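Grab a viewer and work through these exercises. Each one comes with a solution in short steps.

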Amino acid sequence: MDILKKLTEEFPSIRQDKAQNIINLIDEGNTIPFIARYRKEMTGSCDDQVLREFNDRLTYLRNLEKRKEEVTKSITEQGKMTDEIAKALDAALTLTEVEDIYRPFKQKKKTRASVAIERGLQPLADFILAQDKDADVMAEAQKYIDEEKGVATAEDAIAGAKDIIAEIVSDDANVRKKLRNLFMKNGEIETKLVNADKDEAKVYEMYAEYSENIAEIKSHRVLAVNRGEKEGFLKVKVCFNDEIAKRIAGAGYLKDGGYCTQLVKEAVEDSYDRLIFPSIEREIRAALTEVASEQAIKMFEVNLKPLLMQPPVKDKITLGLDPAYRTGCKIAVVDGTGKVLDKTVVYPTPGPKQNIDAAKKVLKQLIEKYNVDIISIGNGTASKESEIFVAELIKEIKEETGREVAYVVVSEAGASVYSASPLGAEEFPDFDVAERSAVSIARRLQDPLAELIKIDPKSIGVGQYQHDMDKKRLDSVLSGVLEDCVNSVGVDLNTASVSLLKYVAGLNAGIAKNIVSYREENGKFVSRKDILKVPKLGEKAFTQCAGFLRITDGSNILDNTAVHPESYAAAEKLLKLFGYTAEDVKAGKISELPVKVKEYGADKAAQEVGLDVPTLHDIVTEIIKPGRDIRDSLPKPVLRKDIMDINDLAPGMELTGTVRNVVDFGAFVDIGVHQDGLVHISEITDRYIKHPSDVLEVGQAVTVWVKDVDVKKNRIGLTMKNPAAKKKTAAKAQ
């Protein structure tokens, strides 16, 4: 297979020469963030997501070719290679096809067929397969009677021969391919509920007597069925018309040969029932699970990125509140940099120590003492009661002092994981677990990326069935998301934690620790090049990481931009070409540079300073505003000063909410009533969308209308289709 040609067919937006460049860059050990950011001319400006997909596919195709070579070698060494097999292997496009071709030549464990072959019954099987109308099978079978070998009668010999024929049919790659394709197109998944008397079984009630075409079943239903089966509440099977399947299996084997043909037919049916169907059922279930898992992982990837890239609430004194009942609400006040200023415990929620007045007094004092701007409330246990308390507190502060304080309910998913982790203990050795949670809740509002990066992504709560996924694959994809987010934002070399630094392109946990240790021993870095003094950080790692590290008050203003050190000389030439200096960059006096470059001609300017055009544009964007944060241009979190209850909701009510999670069937939106509402995919927009993620992303502020409310079940149905507009359209139509 020509891998380059195959990749350019599958990625039509990438020209063949660019595809070859990408392969070369990957093979040279360059990281995806580095390639995406600093080798745009070579890649045709491919973004990091496309590059990761390209790299995944390249790896698969290389593994496919490697497996083909292994199979070819094995079959050749057995002396069984033919032109037909060689062509089939060459044409195989998947690992499954390769394994189908290899199946007859694999060293098998002991089977009924292998036992029959050991008993010398292969010639009898061949005799029967020839299906001569006039053949006397019983007479032929008599020749193979040998009690020492376990063949006591002619019937025993024929039974053994049929076992051999059954395995021949089962090992036929064409038979398997036809049946597999037919099952995938026309087969069904059927489920039945078991242990229905148990309370946990209610979750799977919709699958009590359920069937769906394999070709149409949605990924989230595949995963739900798998989990129900794993938990012992569902029986699951693949169904297809046995008669049709057996006819297809025997099509290449059955002739008009009288008794011999009858025996072959019986062997084919046995082959299907005992060997082919169970195997194909497993393969189909595995294939469905793989596709569903990839979709779930993709969904996790799609959700995680906007969550991590939520704009930071910068330079605001924040009070973090970790809600609880019996043990009280843990409080932490942090300054604009995330430094802890104070901590305490209050008891505003129901419990043995509840004292709302005392809690208000303590928080009012803290808010006044530290000039708190925002209260960040975790959305876990006792969140609703805490939110009601905070809303009342804010009203009183406004009435008493005129001071404006807002609050935000943040997802505390993973906060407890961080708090109990070695990292949490290392950061706050003198804090208990709940106190660390309060700090985390405050900080994840101030800088979501810096705080959430400390938590295992699977614990952040923006996926579906993430704990059922292949751990290695999920970790690989999510690490890619973390890496892309960290590198697209950039990292302050003098303040970043090990948790952040280890995701910078070219670095790892060991080097990140060395950077922090060096910083603690030698003071702040004043130049990007200083990191070359860090143990185990060589030139290659420097090339990969340097452009993603920032020094805010260093000796060179370019160190506080995404301009790579390899382009410093060219950037300085560019400034000189248009009459600017580094001091002008520091003072923010080069806002006219883009206009001047355009008037001069980007191609001409790039040639004169020794850059390619994409890199020139990137440098211009960076030096106009050193230290810029790409997240600042994104919509800010929805700040609240009051609260509603689910009982306050009524159909048609218009609300502003924040998307908390996007799943295959819709999106969950926080509308400030503690319980997230569901916008079903059919209620997102009037136009057709393939998936909710085509329109929505985690953290997005949206306008929604209440569709229905079920207070008993604590369910809220929302729509993004304006009911008033619908009525207006209907009235016009009349």
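**Exercise 1.** Which residues does Lys6 touch, not counting residues up to four places away in sequence?

Solution. A quick note before we start: this is a predicted model, where local features need pLDDT of at least 70 and side-chain atom pairs count only at pLDDT 80 or more, while totals for chains, interfaces and linings use all residues. Residues are numbered from 1 along each chain as its sequence is written, and side-chain values use heavy atoms, with hydrogens and water left out.

- Step 1: place the residue. Lys6 sits in helix 1 (residues 3–10); helices (H or I, at least four residues) and strands (E, at least two) are DSSP runs, numbered from the N terminus.
- Step 2: list the contacts, meaning heavy atoms within 4.5 Å. Lys6 touches Met1, Arg57, Leu61 and Leu93, with residues up to four places away in sequence not counted.
- Step 3: check the burial. Lys6 has 19% relative accessibility and so counts as buried; the cut-offs are under 20% relative accessible area for buried, over 50% for exposed and partly exposed in between (1.4 Å probe, protein chains only).

**Exercise 2.** Work out how strand 7 (residues 374–378) is enclosed, and where the chain goes after it.

Solution.

- Step 1: count. 5 of the 5 residues of strand 7 are buried, so the rest of the structure largely encloses this strand.
- Step 2: split by face. Ile374, Ser376 and Gly378 lie on one side and Ile375 and Ile377 on the other, and all are buried.
- Step 3: find the partners; two strands pair if DSSP finds at least two bridges between them. Strand 7 pairs with strand 4 (residues 318–322) in the parallel sense over 4 bridges, and 5 bridges join strand 7 to strand 8 (residues 406–410), again in parallel.
- Step 4: zoom in on Ser376. Opposite Ser376 stands Gly320, and in strand 8 its bridge partner is Val408.
- Step 5: follow the chain. From strand 7 the chain passes through helix 17 (residues 383–401) to strand 8, a right-handed β-α-β crossover. Right-handed means that, with the strands pointing away from the viewer, the path from the first strand over the helix to the second runs clockwise.

**Exercise 3.** Describe how helix 9 (residues 122–130) packs on helix 11 (residues 154–170).

Solution.

- Step 1: geometry. The two helices pack at about 75 degrees, with their axes 8 Å apart. Axes are lines fitted to C-alpha atoms, for helices over the stretch in contact, and angles run from 0 to 180 degrees between N-to-C directions.
- Step 2: classify. Helix 9 and helix 11 are therefore roughly perpendicular; that class covers 65 to 115 degrees, with under 35 roughly parallel, over 145 roughly antiparallel and the rest oblique.
- Step 3: look at the contact. Gln122, Leu124, Ala125, Ile128 and Leu129 in helix 9 meet Ala157, Ile158, Ala161, Ile164, Ile165 and Ile168 in helix 11.

**Exercise 4.** What is the strand order in the open sheet of 3 strands, and which strands stand at the edges?

Solution.

- Step 1: order. The sheet reads 2-1-3, with antiparallel pairing.
- Step 2: edges. Strand 2 (209–213) and strand 3 (234–239) each have a single partner strand, so one side of each is left without a neighbour in the sheet.
- Step 3: a pairing. Strand 1 (residues 188–193) and strand 3 run antiparallel, joined by 6 bridges, and Lys192 has Lys235 as its bridge partner in strand 3.
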